[in-house]
Amino acid sequence: MIHESRLADHIRDKSVVICCGSGGVGKTTVSASIALRAAIEGRKVLVLTIDPARRLANALGINVMENSIKEVPREKFEAAGIEFKGSLSAMMLDTKREWDEVVKRYAPDTGSRDRILGNRLYNYLSNHLVGSGEFMAMERLYYLHEQGDYDLVVLDTPPTKHALDFLEAPKKLFSFLEDGTFVNAFLKPYGEGGGGRSFGMRMLKMGSGAVFKVLEMIIGGDVLRDISEFVGSFEGYYQGFKGRAHGVDALLRKPTTSFLLVTSPAKLTLTETRYFYDKLRETQMPFGGFIVNRVHNNFLPQDSTVDPVKLAWVESKDDRNAVLDRVTGAKGLAPFGAKARDLMSDLLDNYANLEILSAGEQKNLEMIRRVRDPREFFIQVPVFDQDIYDAEGLLRFNRVLFDDIRLTD
Amino acid sequence: MQAPEDETPELVESMAKQTYLDWVLAHPFQVLIGKGGVGKSSLSAALGLVLARHGRKTVIIETDVKERMSQLFQVPPIGYREVEVYPNLFAKNVDPDSSMEEYVLRFVRLQAIYDTIFKKSFLKHWIKGMPGFREFVVLGKIWDMGQVTKGQRGHYDTIIVDSPATGHGLSLWALPRQTQNAVRVGPLARHAGLMGDYFTEKGRALYHVATLAEEMPYNETVELLGRMKGENPLPLGMLAVNAVHPPPVRPELRKLFEEVKDSPESVQGVAEVVGGADLARSVLSCAASQQIRADLNAHYLADYEKLSKASIGLPYIYSRTYDKTTIEFLSHELEKKLKSMEAPA
């Protein structure tokens, strides 16, 4: 059964949802869950991920090595009684293949295309370039948006530090492309027109000899030559990259786009979440809210009036011993004799441990609670007994994320 | 070489079997790698404490803008300086900008020239955005620190690097070899070659893998171990399985726990003890779900033990604040385990 939920409401009129956060907080699970919910509600959805956990990829039916869009098989979800009114597709970006596709897609002519695809530096860079995944994710996001095949695209970004690159990449790319000096300096300095002139000579002519002298010292002349050839072969692409970078920036700022921050209640993770939140505000990106994953909730019923934090025995071992003295008087435990006291002792220790942990987490969460805008949602998802790596697990997670069942159910 | 005081005399030591800890202590360059969120930073800090306590002057290196060591050791932000966070244990944040400045200044020697080119000229964007260059200079700085010989200023017996998460972590350590292949000649290629040798040499370098006892981290670890044996092999150290949940009750009481949980009279008994039915249910369901987690962790821990003889389970730490005392506790747990295992043949 589907109840109303604030998160579901928020997602309903969005066409791009971007899940960001530190490593290991469950971004992929949250992304897949959001996509699933929208598909159940009847929308045509694509979840785009860069580095999914393998089993989850399998559960979604994505072949890891392929850089193509796959429709997620419905059978497993339908077997669990869930009907998709819309459709759910998934894609895992393979950075190298995506680069190749971008090079082919926007090729000004076959010559440039082949020159790039055969370039040694290109092959090295497209394979190993740190941050290249983010750049390609944006190229893909923009391409998908332009094609307009999906009602909603959910993007699962890599961990925080790189998610920041993701925001800054269009700007970085700009300052570098907009700087005519750069392109002029590098385009074909050794090429057909350059004749036999040395790099140094050419740069001297341009008045930046010293700069290149230094670069030559650090990197080496031959390498600079390779780089210059490489940069030159991209000549016909620059305008396109520049135009799309503008387009991506505009797309990210649309009111139909929403950034979500996924976090855990651990202090170190929250510090990073806070940092990213500030960054999103600073860059004025449309922000939806926080999803705090793996929260250790107390196990009391929702309507219970007991406040575990105020229980003396949770805090103090001495008080726990006093509680244990009641074991001998408890009729229901009498059959177990002396062992009952040991058992109760372990049970109380275990409960105290988790309550202390839980209280600590709630205190950590104040870091976010006190700065957030009340219009931004703040959803706590409890830690599950088992991790989530299949359709069934995803559905269980989904019900909690969208508050379809009470947390203490 | 003089033996540190806390070690047994040489004669006795040669008779006793070498422990895994002895073997770890003998490696001057150690790296923690693994998926994000498994506790690499905490383990780096705990390992650092173990090494420092055993007389090794140790430095923990982070390479991220968001430093964690200052938070874990409760000291003010560390930055590019080397700060003693514990007796004999230092921390340093090797950020790309500072490393780049230091690296380039070796060639140009004049701050004014550096500033002109790298801070003011049109090249600054390009250099900052140049793929892999920032990472390269960070590695360069780490390598550089490893070149300082004993007795010289800035020497460390052990360097520990808290590596970025899996995907990026591995590509970081593969960068020198790849750079070498891509550029082939010139000063960059030469440096890359030297770095590649330093970071991968057996007996010097040791890569500890951090992970969790759960399905997805397990699968990723299998893949990571496979890739570590790949074209540029990295010498493997311990497989640290972090945050293993202990069972809620001691094993001999497990059956009794199941009985109590399932009998209404006993649950009533628990309610009398803790003072209320709600609380009794809560205490019992809390233990039940802890049992599931503990079983799950034990299952994967056993699988890890099949993957590596050097698998080490480290306990989940229940603490209100994750700080210095937590790291100390973790370091003692780690030390116990390292001592209990034999050194690899």
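Biologist: Let's start with B:K92: which side chain does it meet in a salt bridge?
Modeller: The two side chains come to 3.2 Å, N to O, inside the cut-off for a salt bridge (a side-chain nitrogen of Lys or Arg within 4 Å of a carboxyl oxygen of Asp or Glu). B:K92 sits in strand β4 (residues 89-93) of chain B and its partner in the loop between α4 (69-72) and β3 (83-86) of chain B, so the pair ties together parts ten residues apart in sequence. Helices (H or I, at least four residues) and strands (E, at least two) are DSSP runs, numbered from the N terminus. The partner is B:E82.

Biologist: Before we go on, what pLDDT do side-chain atom pairs need in order to count?
Modeller: Residues are numbered from 1 along each chain as its sequence is written, while chains are lettered from A and ligands numbered from 1 in the order in which they are written. Side-chain values use heavy atoms, leaving out hydrogens and water, and as this is a predicted model, totals for chains, interfaces and linings use all residues, local features need pLDDT of at least 70, and side-chain atom pairs need pLDDT 80 or more.

Biologist: Thanks! Is B:K92 buried or exposed?
Modeller: Buried means under 20% relative accessible area, exposed over 50%, and partly exposed in between (1.4 Å probe, protein chains only). Its partner B:E82 has 34%, so B:E82 is partly exposed. B:K92 has a relative accessible area of 4%, so B:K92 is buried.

Biologist: Which residue of chain A does B:R250 meet in a salt bridge?
Modeller: This pair, at 2.8 Å, N to O, runs between chains, from the loop between β7 (236-244) and α12 (254-262) of chain B to helix α18 (residues 339-369) of chain A. B:R250 is partly exposed, because its relative accessibility is 30%, and the partner is buried at 10%. That partner is A:D346.

Biologist: And what N to O distance separates the side chains of A:D373 and A:R375?
Modeller: A:D373 is buried, because its relative accessibility is 17%, whereas A:R375 is exposed at 67%. Their side chains meet in a salt bridge with an N to O distance of 2.6 Å.

Biologist: How many salt bridges does the structure hold over all chains?
Modeller: Some are linked: A:D9, A:R12, A:R37 and A:E41 form a network. Over all chains, the number of salt bridges is 37.

Biologist: Turning to strand β1 (residues 16-20) of chain A, how many of its five residues are buried?
Modeller: In a regular strand the side chains alternate between the two faces of the sheet. Here A:V16, A:I18 and A:C20 point one way, A:V17 and A:C19 the other, and all are buried. The strand is largely enclosed by the rest of the structure, because the number of its residues that are buried is five.

Biologist: Which residue of β5(A) is the bridge partner of A:V17?
Modeller: Two strands pair if DSSP finds at least two bridges between them. β1(A) pairs with β6(A) in the parallel sense over five bridges, where A:V17 stands opposite A:S258. β1(A) also pairs in the parallel sense with strand β5 (residues 152-156) of chain A, over four bridges. In β5(A), the bridge partner of A:V17 is A:V154.

Biologist: How far apart are the end C-alpha atoms of helix α13 (residues 221-233) of chain A?
Modeller: The buried residues of α13(A) include A:L224, A:I227, A:F230 and A:V231. The expected span of a helix is 1.5 Å times one less than its number of residues. The 13 residues should therefore span 18 Å, which agrees with the distance between the end C-alpha atoms, 18 Å.

Biologist: Where is confidence lowest in chain A?
Modeller: pLDDT is the predictor's confidence in each residue, from 0 to 100, and its mean over chain A is 80. Over residues 187-207 of chain A the pLDDT is below 50, and this stretch has 34 contacts (heavy atoms within 4.5 Å) beyond near neighbours in sequence. Where pLDDT is low, the predicted coordinates should not be read in detail. Confidence is highest in strand β6 (residues 257-263) of chain A, at 96, and lowest, at a mean of 44, in helix α11 (residues 199-206) of chain A.

Biologist: And what share of the 345 residues of chain B counts as buried?
Modeller: Chain B has a mean pLDDT of 88, and is built with 15 helices and eight strands. Of its 345 residues, the share that counts as buried is 56%.
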